[in-house]
Amino acid sequence: MFSKILIANRGEIACRIIQTAHRMGIRVVAVYSDADADARHVAMADEAFNIGPAPSSESYLRSDKIIEIAKESGAQAIHPGYGFLSENTQFAEACEANDIVFIGPPSSAIAAMGSKSAAKAIMEKAGVPLVPGYHGDDQSPETLRAEAEKCGFPLLLKAVAGGGGKGMRVVERLEDFDDALAAAKRESKNAFGNPDMLIERYLTQPRHVEIQVFCDQDGHGVYLAERDCSVQRRHQKVLEEAPAPGLSEETRKAMGEAAVKAAQAINYVGAGTVEFLYDVDGSFFFMEMNTRLQVEHPVTEMVTGQDLVEWQLKVAWGEPLPLEQSQVKTRGHALEARIYAEDPDQDFLPATGNLRYLSTPDESVHVRVDTGVTEGDEISIHYDPMIAKLIVWDETRDQAINRMVQALEHYRIAGVKTNIRFLHALADAQPFREADLTTGFIDDHRELLFPKSKLDTHKALVLAAGFVLEQRKSREVVSTDPWSPFGRQNSWRMNSEYAQPLKLQVGEDIHELKVLERDDRYQVHVGGSVYNLTSRLDDDYLQAVINGHRISIHGNLHNDKLVLFYEGDTFQCTVYRETYGLEEMAGEGSLSAPMNGAVVAIQAKVGDTVTAGQTLVIMEAMKMEHAIKAPADGVVTDIFFAEGDQVSEGADLIAIEASDEEVA
Ligand code: MV4
């Protein structure tokens, strides 16, 4: 086995490969751009080399530098991960030429799948089902029109040089064909430098089902079940799963065997994926082959119990496949969600920023997190905005979905916008639970996927107040000399009835709250309603009871930005600094003793209705009398001292229940 390999990649896939390599006792050389000097993959590797500035074209795509470093460091093989150089024939050839093993297929196999029409010709010859249509060299408009008529409508024009959904055009009727063809050819010439077209029958409700294949250097091949990746957005996969729901054993076997035939037809070696369009009637058609380890490979690992990177390393070393076809078994169901830095509310605009708060679900046999970032990392414009892959497993699909929903609720990020709430809505949507999957899933169910917040604004504001006040309290205690009588600047713990004004901005709306604290309980006044709140904060975990409703949530308050996490959703607000000081409620007097002294007169009794400003108690200290006045209209509910008693500063003298506002 190799003793040292180089990983020509970054992010989660670099980390994931390092993990397996280390488990197998293989040393790992990482490469990194200037932007990634402190990245997780660099820290995990045994050694790492800087390969240039942040842009990929100047770093992770510099095959010359990477091969130089492999030679210098003594790495025997290069794992390209996915993306970057993974499907670059010249890079695979350059590795070969330098006596470095490329952990992937031979360059000829990569090249064979590079052209759509050539790939289809190879697959046709190998007996792999193709969508009915035309993929010939004769590109004259007359021939194409005649083929279109044979194929029937609606049909799909696909650019031979396209891929990943680029260069496709649906034609509904023969009358539209000539114009559509001319436009499609123009576009493809501009986009890919090649105007050639394929014609295919257009499947209106297909699913994307792909087979994981593996071949060793002796030409043996196996398939490791399938993945359903139908839930996509603009040809970006969002949720993937294994096995594909509803696929019959027969279809699975037929598709698997077709995929292995496809791989063997191009003398494939290593991990590959054969993508099929799967139609409602159970028929399937070759779409394309990906000649690399794919992003979504973990769902296959979860259901087969195999480590595909380990398989890649063994096959690249020349070992036979670890299992024969009859030994490949699947168990249970796995789902993967791709957590992206993007804003679903702004048409999924990629987001950047600092991951100032990052908390991930606990990993177990049910939950796996593949990520390349840690708290405090920057999500930059330079690379793919994927933050992590969240993978779950359970015995049944339904249980796996529950696991996914729960794990997404435990994935908390502040500082960068993410699609977590969108993924949560997606996984939890009834049509998804019912496996009503097609490639149009997201467009067909938009109304379910952008849900209203589950927390009502008032409750969210009360929780926000609790979080802010508790965090201030904890900071005060921590930052203060415990022996100093002046340590506590505020009178928070003195059971006084101060009203703390708190201004919170949510979107465009500014909410002015007033918070009274008493005996470690709060009364929060929001927009004419009063909420009773008790709360405690342990680091980022707030346990609150609001009018008898117990809610436990996590949050992050950083400078003036507060984010609360609730059932996969976030509530965000800005906390205004200028109101941090204490204010006296109603501006007149207070119900606690302003100084050490004696109670000389009590001018109210329990049950009295009093009005704001009315004198309730008279105290004497240093031979001066002080009037203690009602802060608001209300009813006296308790008197804690009698005339003649000595009291200490801050002691509560009298309790009043405010009567001017309805209690919610
Ligand atoms: C199709 C199709 C319907 N009929 N071909 C899109 C990406 C490219 N690899 C193939 N694609 C499609 N080809 C025929 N004959 C529908 C799609 C398609 C699609 C396929 C897989 C996953 C998502 C998709 C989203 C839109 C369209």
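Colleague: Which helix and strands do the buried residues of H9 pack against?

Modeller: This is a predicted model, by the way. In it, the buried residues of H9 pack against helix H6 (116-125) and four strands that I'll list: E10 (207-215), E11 (221-233), E13 (270-278) and E14 (284-290).

Colleague: And which residues of H9 are buried?

Modeller: Thr-251, Arg-252, Met-255, Gly-256, Ala-258, Ala-259, Val-260, Ala-262 and Ala-263.

Colleague: How do you know that H9 has close to its expected span?

Modeller: Set the two values side by side. H9 runs over residues 249-265, which is 17 residues, and reaches 24 Å from its first C-alpha to its last. At 1.5 Å a residue you'd expect 24 Å, so the helix is close to that. Just after H9, Asn-267 takes a positive phi of about 55°.

Colleague: Why is Thr-273 called buried?

Modeller: Buried means under 20% relative accessible area. Thr-273 has 0% relative accessibility, so it counts as buried. You'll find Thr-273 in strand E13, one of the strands that the buried residues of H9 pack against.

Colleague: What makes the link between the side chains of Thr-273 and Gln-294 a polar contact?

Modeller: The cut-off for the N or O pair is 3.5 Å, and one atom must be able to donate a hydrogen and the other to accept it. The side chains of Thr-273 and Gln-294 make such a contact at 2.6 Å, and the side chain of Thr-273 makes another with that of Arg-227, at 3.0 Å.

Colleague: Which residues is Thr-273 in contact with, leaving aside its neighbours within four places in sequence?

Modeller: Among them are Glu-210, Ile-211, Gln-212, Val-213, Glu-288, Met-289 and Asn-290. Glu-288 turns up again at the ligand, as one of the closest residues there.

Colleague: How many residues surround the ligand, and which are the closest?

Modeller: There are 16, and the closest are Lys-158, Glu-200, Arg-201, Leu-203 and Glu-288. A side-chain N or O atom of Lys-158 is 3.1 Å from a ligand nitrogen. Glu-200 has a polar side-chain atom 2.9 Å from a nitrogen of the ligand, while for Arg-201 a backbone N or O atom lies 2.7 Å from one.

Colleague: What does the UniProt record say about residues 1-447?

Modeller: An unreviewed UniProt entry annotates them as "domain: Biotin carboxylation". Over that stretch the chain is 33% helix and 28% strand, with its end C-alpha atoms 53 Å apart.

Colleague: How far apart are the centres of domain 1 and domain 4?

Modeller: They're separated by 48 Å, taken over C-alpha atoms. Domain 1 is 4-103, and domain 4 is 457-478 + 487-575.

Methods. Residues numbered from 1 in each chain as written. Predicted model: local features only at pLDDT ≥ 70, side-chain atom pairs only at ≥ 80, totals over all residues. Heavy atoms only, no water. Helix = DSSP H or I, 4+ residues; strand = E, 2+ residues; numbered from the N terminus. Buried < 20%, exposed > 50% of the residue type's maximum accessible area, 1.4 Å probe, protein only. Contact = heavy atoms within 4.5 Å. Domains from an automatic or database assignment. UniProt positions renumbered as here; feature names shortened; annotations may be inferred. Near = heavy atom within 4 Å.
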